[in-house]
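Student: I am new to this structure and would like a close look at a single part of it. Could you take me through the places where metal is held, and then set them in the chain as a whole?

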Amino acid sequence: MKKLLAVVLVLCIAMSAVLCGCGSSETEKAAANADKAAAKGDPVDTNKVIKSDDKYRSFYQIWIGSFCDSNNDETGDFEGIISKLDYLNDGNPDSGEDLGVDGIWLSPMMPSYSYHKYNVRDYFDIDPEFGTLETFDEFIKECDKRGIAVIIDLVVNHSASDHPYFLKACEELKKGKEDGYAKYYNFKKGADMTYNRRVTGTNYFYEGQFSSEMPDWNLSYQGTKDYFEEIVKFWLDRGVDGFRLDAVKYFSDANTDGVEFMDWFYKMAQGYNPDVYMVGEHWDSAGSIYEQYKSGMDSYFNFKFATTSGDYVVSARNGMTKTFVDSLKKYNDNILKRNEKAINANFLTNHDMPRVSNALDASEQKFASALYLLSPGNSFTYYGEEIGIEAPNTTNDASFRTAMIWDNDNLPNIWVNGVAEVEPNELGGVKQQLADKNSLLNFYRRTLKLKNQNPEIARGKITGVMPTDDTYLGGYYIEHEGSKLLVIHYGGTETMSLKVTDDILKGAQFRGGLVASDVPEGTKAEDYKVKFADGTLTLPPNSTAILKAN
Ligand code: CA
Ligand code: CA
């Protein structure tokens, strides 16, 4: 009976394939795309892009208030984001007409009086500056259509000081009642280093790691946990795919073990959606992040490699990629040792640090993007990084969060706290960079396409580094489900030839290349490429090659 069923099933699948012409139309589509690319003078590229249906994604971080303003009230909003979704991902993985990201991390969006909204007053709504729950639902629907996963910033270390529970707690404490709402927060009589914020008119003090306006939740109280469970369920029901957890480093206190809490939180969310994806902000040393992976949660941001002094930016500047790949392997080995399902969270910068363009020129920015986008795990691209937006100063948080520049000739009227003026972008707005084949934006598009054409890069494990004596040459082997890739980064200043012997990679096939350095004068752009012929790889300065073992 089972056998008969299987035969019928196979027949049905075969018939449906004939009826909808799946096989042939996919091939035709790929051929048509290749023709289109050739007609535009781009390299013909017929490698198929693989659409993700798992947790491995290329995320794009959107600072909602600065991205796109739909109603001219000087603040970005959900309607604005919806109008720009095709820029990020048009739903057709083979079109090559979008950035190629397939995940969005939304910076805080819940009601809050601050512009950054990291102090939440109401966990069950959208701040009216950004839209309504209905516009949010519409946004989720549009992301679903395009295959974009959405994670939201969830702040559970602290609430706002005007959160109703905190206001009630303070009222009760003024009457000496300690066993009511006060249990949701960390209060005690008398001040110390941690409990250093006073409840006005009392001798009670509370923990507020960031400010008096951000009281820390008591994470070991069951009532708080029940409340968080309601919040998680509410947003998962609305269709979000996961969470970016803020300030994880501060979860640990006298009563709470941060790793244990994270383990509870992750499992609780998995109870509502087994495929939930979570990434934590534990801004600390690599050693401390390794330990966090014991919680079982998918990802923690890789701060050792990020920031303008991290491995990605430093290696892109000095070109010493041999050291870089050793460091990357070591980091990945260490997180996988703690959690075999760990997904490294790679990024250059986020909303809390100077822009990468404050530290690197355009071609160095290209090289840095190849280094992080092609590292195993998930990538997180901070909005505007793909066009090289520069922070007007490197000390004020708001200056890292200025308006997205869609068109240098038509600047947005977006006001960000303390940074009143929007300046034209030195490397051009999106419109200008789309028109320039050699722009940073088009480099990002090519790199993400290469990543999406080779799904092993994100999903695989680094199993070794390429043998070499050249400080400026680094390569790592990635293995995934029987497939073996070699990702090579070359940071030297002269074009080099590398004979790819069997010792380096058996039966090497070329999967693609990228050149981050500018085309030298007198050289034709089409000649300035990574090439692979007769077993020899030609690598111009600051270039990347992907090879696959046969
Ligand atoms: Ca608006
Ligand atoms: Ca805390």
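Tutor: A donor here is an N, O or S atom within 2.8 Å of the metal, a limit that is widened to 3.2 Å for Na, K and Ca, and since water is not among the atoms, sites may look incomplete. With that in mind, and remembering that this is a predicted model, we can begin with the calcium ion (ligand 1), whose protein donors are Asp69 (OD), Asn71 (OD1), Asp73 (OD), Thr75 (O) and Asp77 (OD), at distances of 2.2 to 2.4 Å. Along the chain these donors follow the spacing D-x1-N-x1-D-x1-T-x1-D. Two of the donors can be set side by side: Asp73 has a relative accessibility of 38% and therefore counts as partly exposed, whereas Asp77, with a relative accessible area of 4%, is buried.

The calcium ion (ligand 2) is coordinated by Asn157 (OD1), Asp216 (OD) and Tyr250 (O), at 2.2 to 2.6 Å, and its donors are spaced as N-x58-D-x33-Y along the chain. Asn157 belongs to the loop between β3 (149–154) and α7 (164–174), while Tyr250 belongs to the loop between β7 (242–245) and α9 (258–272), so the pair ties together parts that lie 93 residues apart in sequence. Here too the surroundings can be described residue by residue: Asn157 is at 1% relative accessibility and so counts as buried, but Tyr250, at 28%, counts as partly exposed.

Turning from the metal sites to the interior, the largest nonpolar core has 138 residues, and those with the most contacts inside it are Leu106, Met109, Phe136, Phe139, Trp235 and Phe265. Leaving aside residues up to four places away in sequence, Met109 touches Ile64, Phe78, Asp125, Ile126, Asp127, Phe130, Phe136, Ile152 and Trp235. Apart from this core lies another, of 19 residues, which includes Tyr490, Val500, Val515 and Val530.

As for the whole chain, its secondary structure comes to 16 helices and 19 strands. Its radius of gyration is 25 Å, close to the 24 Å that the globule rule gives for 550 residues, so the chain is as compact as a globular protein of that length. Of these 550 residues, 55% count as buried, and among contacts with a separation of 6 or more, 66% are between residues 24 or more positions apart.

Notes. Residues are numbered from 1 along each chain as its sequence is written. Chains are lettered from A and ligands numbered from 1 in the order in which they are written. This is a predicted model: local features need pLDDT of at least 70, side-chain atom pairs count only at pLDDT 80 or more; totals for chains, interfaces and linings use all residues. Side-chain values use heavy atoms; hydrogens and water are left out. A nonpolar core is a set of buried Ala, Val, Leu, Ile, Met, Phe, Trp, Tyr and Cys residues joined through side-chain atoms within 4.5 Å. Buried means under 20% relative accessible area, exposed over 50%, partly exposed in between (1.4 Å probe, protein chains only). Contact means heavy atoms within 4.5 Å. Helices (H or I, at least four residues) and strands (E, at least two) are DSSP runs, numbered from the N terminus. The radius of gyration is taken over C-alpha atoms; the globule rule is 2.2 Å times the number of residues to the power 0.38.
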